[in-house]
Each structure stands twice: as structure tokens, then as C-alpha cells.
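Before reading on, please open the model and keep the sequence beside it. The paragraphs below lead from an open space in the fold to the strands beside it, and then to an enclosed space elsewhere.

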Amino acid sequence: MSTKPKSPRQQDAPKHASKAEAAKAAVLAELRPGQSIELLKELHILTREGQLNQDSRRKLKQVYHLYQFIEPVLTELAANDHAPTLADHGAGKSYLGFILYDLFFKQLGRGEIYGIEWRAELVERSRALAKQLGFERMSFFNLSVAASTQSQELPEQIDVITALHACDTATDDAIAFGLEKKARAMVLVPCCQAEVASCLRQGKALQLSRTPLAELWRHPIHTRELGSQITNVLRCLYLEASGYQVTVTELVGWEHSMKNELILARYTGQKKRSAQERLQAILQEFGLEKSLAHRFGLANEAAAD
């Protein structure tokens with residue numbers, strides 16, 4: 001009995017199936033155990049076919065890397081049946097908040113995440129997605145980072161503050177929020193920073209006549225880069241002066257993002273007077289005390305001068 005030979009398409013079917021299975025396995029290998037595929041598709045990190053593109057792979061790598069720093073803090077806070085709370089500032093589409101909930105809070109069975117975002121359409125989208133996924137302990141607020149500090153909708157104390165790529169002074173607002181809420185930890189990845197650079201430009205002529213150090217920001221590109229560096233140094237000193245132990249490291253490799261500095265601050269209660277003194281000295285050295293003293297808790301000293 002003769003059998004009908006398979007068509008080329010039929011012969012290729014197993015080959016195509018094996019390639020699809022291999023591609024699916026490769027994607028799953030990049031995900032953390034227990035990660036919701038449905039969530040990643042809704043966040044457009046995975047395509048509808050369950051694939052990763054270059055941009056989504058970069059986003060996922062950043063969030064996962066950040067999770068490595070946040071998870072130990074949350075685990076420590078969750079001891080003795082405590083329900084940890086976390087506020088994510090400048091949440092955007094809430095990639096970080098949703099993945100934190102999916103990987104940690106969902107399994108823990110307690111704790112709350114608050115997403116704070118000024119764009120109303122993103123807040124509504126996040127609320128709808130949280131409802132769709134049954135993430136009941138996620139709340140989203142249509143507020144700027146600065147306004148959230150005074151909002152009566154948020155609790156008086158929040159354990160962890162995150163701010164991933166919060167632009168310009170929004171990172172400073174997140175720090176102010178964390179201090180007001182007596183945060184046990186802050187995880188900050190600053191983005192573009194223009195305030196200090198603008199102040200440096202205004203006093204450039206005077207500084208060039210006063211000190212050769214002003215050559216460090218004589219050229220515009222150096223002004224921008226130095227302004228960014230000074231800003232983050234001042235933030236770290238301010239956190240240390242406020243009772244936090246500070247670690248600064250890379251978020252991911254520089255090939256993924258130029259805004260790559262991760263500031264991890266954990267509260268110890270030991271306020272460093274030397275940090276406050278150095279903060280004030282840097283402001284004075286760069287002619288920034290009148291413009292920025294208020295931002296770093298030194299307004300009274302500036303007024304006295």
C-alpha cells in the first residue's frame with residue numbers, strides 16, 4: 001500500500017514548530033520564575049505572540065535589575081507579619097510597580113503599592129489593568145511628585161520610595177516625599193537634571209574670575225555633565241545628613257542607558273554632621289547656596305548669611 005508523499009509545507013511544519021518552541025523557551029528563560037505572561041503582554045513588554053523585541057528586552061532588564069536591589073529590602077520589611085508599603089514616583093505605565101506586585105506582593109499576600117503619576121490617562125490605564133489582573137492592593141494617584149507630599153489620600157508613613165528616571169527636580173521631590181513619609185529605604189535612578197547646570201551658567205563669569213575650578217563648567221557640554229554630577233553628589237550628602245546609609249552604583253550596563261546611576265538609601269537614624277557640612281561647602285564653592293540651600297534643608301543657614 002503506497003502512502004501519499006508529504007508536501008514541502010507539511011514536511012516543514014515540525015521544523016517551524018520546533019523553532020517556535022525554541023523561541024518561546026528562550027523568552028521564558030529571560031523571565032523570572034512565576035512571572036505573569038499576561039501581565040507582560042498587557043505592559044507590551046511581550047508581544048501578543050509572547051516575544052521580546054530589543055526595546056522591551058532593555059526595559060525588562062532595567063526593571064529586573066532594579067528588583068534585585070528592592071527585593072531584599074522588602075523581604076526584610078515583611079518580617080514579623082509586617083505589611084510593607086511602597087510608593088513609585090513618576091510611575092508612567094507602572095512597569096516597575098506591576099512587576100514588583102507580581103513577583104513579590106502577590107505571593108506575600110499583604111502590603112500595598114502606590115503609583116504616583118501626573119498624566120491622567122496613564123493613571124486610568126494602570127487602574128484598569130490592576131483591576132483586570134486582580135491586583136487589589138495597588139492604587140494609582142493622578143498627582144505630581146511634589147503635590148503627593150501634601151496629599152491626604154496617601155498614608156502618613158510609607159516604607160519604600162522608588163523613582164525610576166524621574167526627570168530634573170522630580171527626584172528631589174521624591175526624596176522630600178521619602179523624608180516626610182519616614183521611608184525606611186529609597187531607590188532612585190535620576191534622569192535629566194537641568195537646575196544646577198542653569199545656576200552654574202548664571203554665575204559662570206564671576207566664577208571664572210574667582211577660581212580656576214570654574215574651567216570645569218566653562219563649556220556648555222561640561223556645564224551640563226558637571227551639573228548632573230554635582231546634583232547627585234548633593235542628593236547623596238543630603239540623604240546621609242538625614243540619617244540614611246547611601247550606596248551608589250550602576251543600574252545596568254552603559255550600553256542600555258546613559259541615565260544609569262542608582263542611588264540606594266537605607267535609613268539608619270545616624271545623621272552625619274560631616275555630610276551636612278560638606279554639602280554646604282560644595283554649595284558655597286560652586287556659588288549655589290542662594291539658589292539651592294532650601295532644596296537640601298539649609299534654607300535657614302542661607303538666610304543667616
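The largest pocket holds about 600 Å³ of space, a value that, like the others here, is computed from a predicted model. Its lining is made up of 26 residues, and those nearest the centre of the pocket are Gly 90, Ala 91, Gly 92, Leu 164 and His 165. Several elements contribute to this lining, since α3 (54-77), β1 (85-89), α4 (95-108), β2 (112-117) and β4 (160-166) each supply at least two residues, and the largest share, 4 residues, is that of α3. Sorted by class, the lining of the largest pocket has 13 nonpolar, 7 polar and 6 charged residues.

Among the elements that line the pocket, β2 is a useful one to follow through the fold. This strand is mostly covered, with 5 of its 6 residues buried. On one pairing, β1 and β2 run parallel and are joined over 5 bridges, and within that pairing Tyr 114 of β2 is the bridge partner of Ala 87. Together with α4, these two strands make a right-handed β-α-β unit. On another pairing, β2 runs parallel to β3 (residues 138-142), again with 5 bridges, and here Ile 116 has Phe 141 in β3 as its bridge partner. A right-handed β-α-β unit is likewise made by β2, α5 and β3.

The loop between β2 and α5 (120-133) contains Arg 119. Is Arg 119 buried or exposed? Arg 119 falls between those two words: its relative accessible area is 31%, and because buried means under 20% and exposed means over 50%, this residue counts as partly exposed. Leaving aside residues up to four places away in sequence, Arg 119 touches Gly 92 and Asn 142, and Gly 92 is one of the residues nearest the centre of the largest pocket. Arg 119 and Leu 143 are 24 residues apart in sequence, while their C-alpha atoms are 8.0 Å apart in space.

We turn now from the open pocket to enclosed space. A search of the whole structure finds 2 cavities of 30 Å³ or more, and the second largest cavity contains about 30 Å³ of space. Asp 168, Thr 169, Asp 172, Gln 193, Ala 194, Glu 195, Val 196, Thr 231 and Arg 235 line the second largest cavity, with α8 (195-202) and α10 (220-241) being the elements that give two or more residues to the lining. By class, this lining has 2 nonpolar, 3 polar and 4 charged residues.

Notes
Residues numbered from 1 in each chain as written. Predicted model: local features only at pLDDT ≥ 70, side-chain atom pairs only at ≥ 80, totals over all residues. Heavy atoms only, no water. 1 Å grid on protein atoms, 1.4 Å probe; cavity = no way out; pocket = protein on both sides within 12 Å on 5 of 7 lines; lining within 4 Å. Points joined across faces, edges and corners; volume = space filled by probe spheres on them. Nonpolar A, V, L, I, M, F, W, Y, C, P; charged D, E, K, R; others polar. Buried < 20%, exposed > 50% of the residue type's maximum accessible area, 1.4 Å probe, protein only. Contact = heavy atoms within 4.5 Å. Pairing = 2+ DSSP bridges. Right-handed = clockwise from strand over helix to strand, strands pointing away.
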